[in-house]
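Welcome! Let us take a friendly walk through a model of protein and DNA.

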2 protein chains.
Amino acid sequence: MKSLLLPTRSYRLNGRLWLETDDGRFLGIGRLELLEQIAALGSISKAAQAMGMSYKRAWDLVSSMNAQAATPLVSTQTGGTKGGGAVVTEAGQAAIVAFKALQARFQEFMALETNRIHE
Amino acid sequence: MKSLLLPTRSYRLNGRLWLETDDGRFLGIGRLELLEQIAALGSISKAAQAMGMSYKRAWDLVSSMNAQAATPLVSTQTGGTKGGGAVVTEAGQAAIVAFKALQARFQEFMALETNRIHE
DNA sequence: GGTCGTTATATCTTTACGGATACAACGGCC
DNA sequence: GGCCGTTGTATCCGTAAAGATATAACGACC
């Protein structure tokens with residue numbers, strides 16, 4: 001492929017993988033990272049800040065995930081100690097583990113195909 | 001995974017794969033289809049029309065591909081019989097074949113992972 | 001030389017997405 | 001009850017991508 005697609009250029013293989021429903025995207029690499037940040041920091045706003053993402057965007061993503069899941073992936077609380085917070089549920093933890101494994105296999109696939117491209 | 005990510009919903013696995021350079025995207029599934037349409041119809045405008053895409057967008061994509069390739073994938077001619085047209089070069093044909101094969105292996109990967117998700 | 005359909009290009013508009021901002025509601029805690 | 005930080009929600013704004021439109025250049029063919 002390299003010889004066909006021009007020796008003077010270096011092409012990178014890249015890709016995305018995600019789970020979706022009829023209502024749209026459910027879980028991808030971005031949402032996965034958001035879940036991990038929420039799990040680590042205990043709040044949507046802190047997770048958003050850590051990712052350089054607006055709170056609105058983070059909240060929209062969490063809302064989308066919870067709306068599409070029969071069991072919410074993130075449990076939120078308004079008010080209370082420290083004003084509230086967010087927790088990744090058991091279902092959310094399981095989703096993290098499962099998708100990370102899937103993502104790892106995908107990276108492996110891309111690495112393999114990258115080698116194939118470079119002959 | 002199904003049991004973790006809610007039995008009542010059916011999740012589809014989906015993804016994208018593409019080649020890129022420092023100048024941006026080079027070849028993906030959309031550009032591949034465009035190349036095939038150009039090869040089949042002999043013009044950018046007809047290909048765009050067949051894909052429900054504006055001519056400008058199609059031309060931009062062709063321009064981007066040619067700019068990133070040392071050897072153009074599409075050769076165009078303005079004026080002449082039937083006003084001109086576009087032809088997919090040998091390099092373009094090779095790119096089509098190579099990327100279609102890659103895409104097929106990617107589909108196979110996703111099908112495999114889909115089975116894994118559904119236990 | 002006129003016709004024709006296409007490439008090539010510029011410009012303006014439309015649309016979609018996310019960011020920015022503002023603010024009400026909430027509920028432990030002092 | 002007041003404070004505080006977060007969730008939840010609405011509204012406005014900026015920007016980037018694509019569509020719509022217009023037009024010039026081109027070259028075979030009659």
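What follows looks at strands, symmetry and the surface near one DNA strand.

This is a predicted model, in which local features need pLDDT of at least 70 and side-chain atom pairs count only at pLDDT 80 or more, while totals for chains, interfaces and linings use all residues. Residues are numbered from 1 along each chain as its sequence is written, and chains are lettered from A and ligands numbered from 1 in the order in which they are written.

Let us begin with the strands. Helices (H or I, at least four residues) and strands (E, at least two) are DSSP runs, numbered from the N terminus. Two strands pair if DSSP finds at least two bridges between them.

| Strand pair | Sense | Bridges |
|---|---|---|
| S1(A) (residues 12-21) and S1(B) (residues 12-21) | antiparallel | nine bridges |
| S1(A) and S2(A) (residues 24-27) | antiparallel | three bridges |

Across the two chains, Trp18(A) stands opposite Asn14(B). Within chain A, S1(A) and S2(A) make a hairpin with two residues between them, and Thr21(A) has Gly24(A) as its bridge partner.

Next comes symmetry. Superposed by least squares on the C-alpha atoms of residues with pLDDT of at least 70 in both copies, chain B fits chain A with an RMSD of 0.1 Å after a turn of 179 degrees and a shift of 0.0 Å along the axis. The two copies are therefore related as by a two-fold rotation axis. In chain B, Arg16(B) comes closest to that axis, at 2.6 Å (C-alpha).

Finally, which residues are closest to DNA strand C? They are Arg57(A), Gly79(A), Ile44(B), Ser45(B) and Gly83(B), among 24 residues that surround the strand; a residue is near if its C-beta atom, placed from the backbone, lies within 6 Å.
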